[in-house]
Protein chains: 2
Amino acid sequence: MMSIHGHEEDIALQTRSIRDVIYEKLKEAILSEQYKAGHHLKERELAKQFGISTTPLKEALRRLEQEGLVTTSARRGTFVSSDIMNSVEEINWARSALEGVAARLAALKITDEEVGMLTETTVQMRIYTEAKNTEQLIALNGHFHKLIRTYAKNNYIFQQIEAIHSFDRSFRKKALSHEDELERGFQEHYAIYQAIVAKDADLAEKLMIGHIRRTIEFVKESKAAAKAKS
Amino acid sequence: MMSIHGHEEDIALQTRSIRDVIYEKLKEAILSEQYKAGHHLKERELAKQFGISTTPLKEALRRLEQEGLVTTSARRGTFVSSDIMNSVEEINWARSALEGVAARLAALKITDEEVGMLTETTVQMRIYTEAKNTEQLIALNGHFHKLIRTYAKNNYIFQQIEAIHSFDRSFRKKALSHEDELERGFQEHYAIYQAIVAKDADLAEKLMIGHIRRTIEFVKESKAAAKAKS
DNA sequence: ATATAATATCTGATATATCAGATATCAAAT
DNA sequence: ATTTGATATCTGATATATCAGATATTATAT
């Protein structure tokens with residue numbers, strides 16, 4: 001059996017640069033609302049806190065800025081954007097489109113050997129779904145999507161998806177906490193799997209897009225519900 | 001008639017930071033192929049050349065990196081993306097997907113005023129198509145697509161398309177050289193226009209994706225033909 | 001001549017220092 | 001009490017210095 005783990009990126013990443021580490025940390029903190037909307041992210045303060053200089057920190061902030069999670073006003077400061085959810089949603093629309101083409105390309109290009117790997121993963125997903133093992137399932141789902149974008153054999157799309165796929169990580173867990181969502185997620189993944197194996201590119205793309213966009217809606221709804229409660 | 005120009009962003013930019021200026025300069029230089037694919041962009045050298053320090057330069061490079069225009073390898077260097085540039089086809093798959101969602105979002109969000117602008121552009125396109133004015137038509141086509149991704153009101157997708165868009169600037173011209181292609185192009189644009197105005201999001205996305213993927217095929221074919229001739 | 005190891009050099013990554021705009025503070029004037 | 005303006009202070013923007021990996025070079029051994 002192949003190894004499934006949530007942090008594939010630990011491997012083969014020789015000395016992750018500080019800016020990348022900090023970027024991840026800040027992003028996680030913002031998405032998990034440790035830093036709330038409007039919070040002032042002070043360069044010096046954070047640098048001191050993390051025990052680094054301001055240079056890599058600044059680079060991390062730049063990236064967050066481009067993704068819309070923070071807003072920087074010259075010589076005033078960098079602040080957590082007022083509407084993070086909007087940024088996340090924006091990025092997820094892009095993700096749905098990109099993972100959609102990836103599924104199409106995978107359907108067009110997948111080899112017999114790769115079908116085997118994808119099948120194996122799907123079998124595992126069924127088992128863990130029935131066992132309601134959410135933890136393992138999250139890892140497997142991630143693996144499933146990664147296999148597909150790998151088999152698409154399109155480097156640009158692969159990189160682009162890699163850059164943004166983590167944006168719903170904090171929500172994914174929440175989404176899978178509902179039992180019916182667990183089952184539904186598997187059904188969708190299985191349908192995508194079938195379409196790719198059948199080399200039905202149109203269907204594969206359509207299903208993948210629908211799958212991701214539905215999760216966007218799901219996240220939006222649960223957020224709205226959380227907001228209404230407070 | 002409305003004015004068509006590429007630099008609306010000149011207005012209202014108080015004290016543009018050095019990093020922004022440098023970012024634009026580098027981007028322009030890459031797109032105009034002053035810096036060819038694979039070219040090594042050396043931080044110190046460029047900083048000296050521009051008469052600035054490496055800090056803002058580094059920030060500009062980071063941004064270009066995220067957009068995929070350059071690739072940075074730790075402690076080796078930053079290079080103008082070559083593998084990506086080479087496979088215009090790879091990148092265009094992404095473009096079709098992203099412009100597709102953009103069309104969907106535009107259909108969902110477009111306002112009456114924006115419909116007016118889009119209509120005006122479409123009218124112009126018809127006129128220039130009938131007049132077989134290829135030069136103007138290229139500009140208008142670009143404008144048409146830009147309006148749509150603007151009306152999508154999704155900053156992330158907008159940026160991503162703009163970045164991709166810049167890659168195939170050179171070869172787009174080729175696609176419109178054939179007369180029947182001219183006419184066909186207009187028909188497709190018009191259909192997309194109608195779908196958006198009718199707020200038929202599904203159709204708008206589908207048509208846009210089809211439109212772009214067909215031009216990918218068209219360019220591939222003419223490329224192959226040109227190769228066979230040589 | 002080729003392979004290999006020592007080393008010099010180039011380059012990005014990071015740290016630190018300085019500059020300048022923006023805001024806050026507070027005193028003087030009305 | 002309110003306004004105004006001088007000034008102190010905070011903060012991001014930029015510049016410069018240092019660190020460390022990667023590559024090229026050269027010398028040495030076989």
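Me: Which residue of chain B comes closest to the rotation axis?
Reply: This is a predicted model, where local features need pLDDT of at least 70, side-chain atom pairs count only at pLDDT 80 or more, and totals for chains, interfaces and linings use all residues; side-chain values use heavy atoms, with hydrogens and water left out. Residues are numbered from 1 along each chain as its sequence is written, while chains are lettered from A and ligands numbered from 1 in the order in which they are written. Going by C-alpha, the one that comes closest, at 2.6 Å, is B:Glu59.

Me: What relation links chain B to chain A?
Reply: Copies get superposed by least squares on the C-alpha atoms of residues with pLDDT of at least 70 in both. Chain B then lands on chain A with an RMSD of 2.9 Å, after a turn of 179° and a shift of 0.3 Å along the axis. That is the relation of a two-fold axis.

Me: What percentage of the interface residues of chain B are also interface residues in chain A?
Reply: Contact here means heavy atoms within 4.5 Å. The copies meet through the same surface, because the shared part is 90%.

Me: How many residues around DNA strand C are charged?
Reply: A residue is near a strand if one of its heavy atoms lies within 4 Å of it. Asp, Glu, Lys and Arg count as charged; Ala, Val, Leu, Ile, Met, Phe, Trp, Tyr, Cys and Pro count as nonpolar; the others, Gly among them, are polar. The surface near DNA strand C has six nonpolar and eight polar residues, and its charged ones number 11.

Me: How far is a polar side-chain atom of B:Lys42 from a phosphate oxygen of DNA strand C?
Reply: A polar contact is a pair of N or O atoms within 3.5 Å; within protein, one must be able to donate a hydrogen and the other to accept it, and residues adjacent in sequence count only if both atoms are side-chain atoms. B:His40 has a polar side-chain atom 3.3 Å from a phosphate oxygen of the strand. For B:Lys42, the distance is 2.8 Å.

Me: Which side chain has an N or O atom 2.6 Å from a base oxygen of DNA strand D?
Reply: A:Lys42 goes to a phosphate oxygen of DNA strand D, at 2.8 Å. A polar side-chain atom of A:Arg75 lies 2.8 Å from a base nitrogen there. The base oxygen, at 2.6 Å, pairs with A:Arg44.
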